[in-house]
Each structure stands twice: as structure tokens, then as C-alpha cells.
Amino acid sequence: QVQLVESGGGLVQPGGSLRLSCAASGIGVRISIMGWYRQAPGNERELVASITNGGKTNYGDSVKGRFTISRDNAKNTVYLQMNSLKPADTAVYYCNVAGTRWSSDFDSWGQGTQVTVSS
């Protein structure tokens, strides 16, 4: 079983910054891609950003130039630095990690962390 622990959400004013973290743990785990998704009330879950084990990144159009995804492979941890936050960024943010565990594929989701951007 692959467990994900998220941290870093909260309330921030427009224009502010937050940093999310997600640590993956599990015996025999080899992670390929790590990412962040978000879901606002009444909306579908959408990709925020993803990063491969080689460092290739992909961003949703609405966050390009404001958010930065990074990862520490030694710690199996992914980070999301969010700058210039807008009220439209308010959502529950979910960590997603995919890879293999003992040669079997896995795709795990975190429990979600609330990000609220409001004055």
C-alpha cells in the first residue's frame, strides 16, 4: 500500500503564496509521475501540475507562470509552490502519485488539502 501525506493548505489573501507538500511512503515503491489536481465546488477535478521522475513538468493553463512543481526523489516528496494566488485558485488540492510497487502498477490519491484565497 502506498500512503500519501499532504500538508501546506490554508487561507491566504489574493496575491499571496502557499507551498503544498506531499510525501509518499511504502515498501518497494518506485514512483514515476507525481502531480497535483484541484477541485472547486461544482467543478470537475482538474490538473494543476505534474512532474516525471526525469523532471519533465506539465502545467494547467490557468496556473502557468504562477505555480511551480518540484520533487525530491530521495524523499519521494512533491511540492507545489503557488504564487500570485487568486480567488479562482480556491479549491481542494489533491496529490496524485503513480508508479510501481513490487512490479505492480499503482495510482494513489492524497486525502486533499483546502486552499482558500480570500480577503
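Visitor: In this predicted model, which strand does strand 2 (residues 10-12) join, and through how many bridges?
Guide: Strand 2 runs parallel to its partner. Val12 stands opposite Val117 there. The partner is strand 11, and the bridges number three.

Visitor: Which strand pairs with strand 11 in the antiparallel sense?
Guide: The pairing has three bridges. Ala91 stands opposite Val115 in strand 11. Ala91 opens the run 91-101. That run is strand 9.

Visitor: Which side chains of strand 11 (residues 113-117) are buried?
Guide: In a regular strand the side chains alternate between the two faces of the sheet. Strand 11 alternates too. Gln114 and Thr116 point to one face and are not buried. The other face holds the buried side chains: Thr113, Val115 and Val117.

Visitor: Where does Asp89 lie, and is Asp89 buried or exposed?
Guide: Asp89 lies in the loop between strand 8 (77-82) and strand 9 (91-101). Buried means under 20% relative accessible area. Asp89 has 1% relative accessibility, so the residue counts as buried.

Visitor: Which side chain makes a polar contact with that of Asp89, and at what distance?
Guide: Leaving aside neighbours within four places in sequence, Asp89 is in contact with Arg38, Arg66, Phe67, Ser84, Val115 and Val117. Val115 and Val117 are on the buried face of strand 11. The polar contact joins Asp89 to Arg66, at 2.8 Å.

Visitor: Which strands stand at the edges of the open sheet of four strands?
Guide: The order is 1-3-8-7, with antiparallel pairing. An edge strand here has a single partner, so one side is left without a neighbour in the sheet. The twist averages 15° from one strand to the next. The edge strands are strand 1 (3-7) and strand 7 (67-72).

Visitor: Which residue of strand 8 stands opposite Leu20?
Guide: Strand 3 (residues 18-25) and strand 8 pair in the antiparallel sense over six bridges. Leu20 is also among the contacts of the residue in question. That residue is Leu80.

Visitor: Which residues touch the most other members of the largest nonpolar core?
Guide: In soluble globular proteins, nonpolar side chains tend to be buried together. This core has 30 residues. Strand 3, strand 8 and strand 11 are among the elements that give two or more residues to this core. Those touching the most other members are Trp36, Leu80, Met82 and Tyr93.

Visitor: Which of these residues is Leu80 in contact with?
Guide: Leaving aside neighbours within four places in sequence, the contacts of Leu80 include Val48, Phe67 and Ile69. From the group just named, they also include Trp36 and Tyr93.

Technical notes. Residues numbered from 1 in each chain as written. Predicted model: local features only at pLDDT ≥ 70, side-chain atom pairs only at ≥ 80, totals over all residues. Heavy atoms only, no water. Buried < 20%, exposed > 50% of the residue type's maximum accessible area, 1.4 Å probe, protein only. Polar contact = N/O pair within 3.5 Å; in protein donor to acceptor, adjacent residues only side chain to side chain. Contact = heavy atoms within 4.5 Å. Pairing = 2+ DSSP bridges. Axes fitted to C-alpha atoms, helices over the stretch in contact; angles between N-to-C directions. Core = buried A, V, L, I, M, F, W, Y, C linked by side-chain atoms within 4.5 Å.
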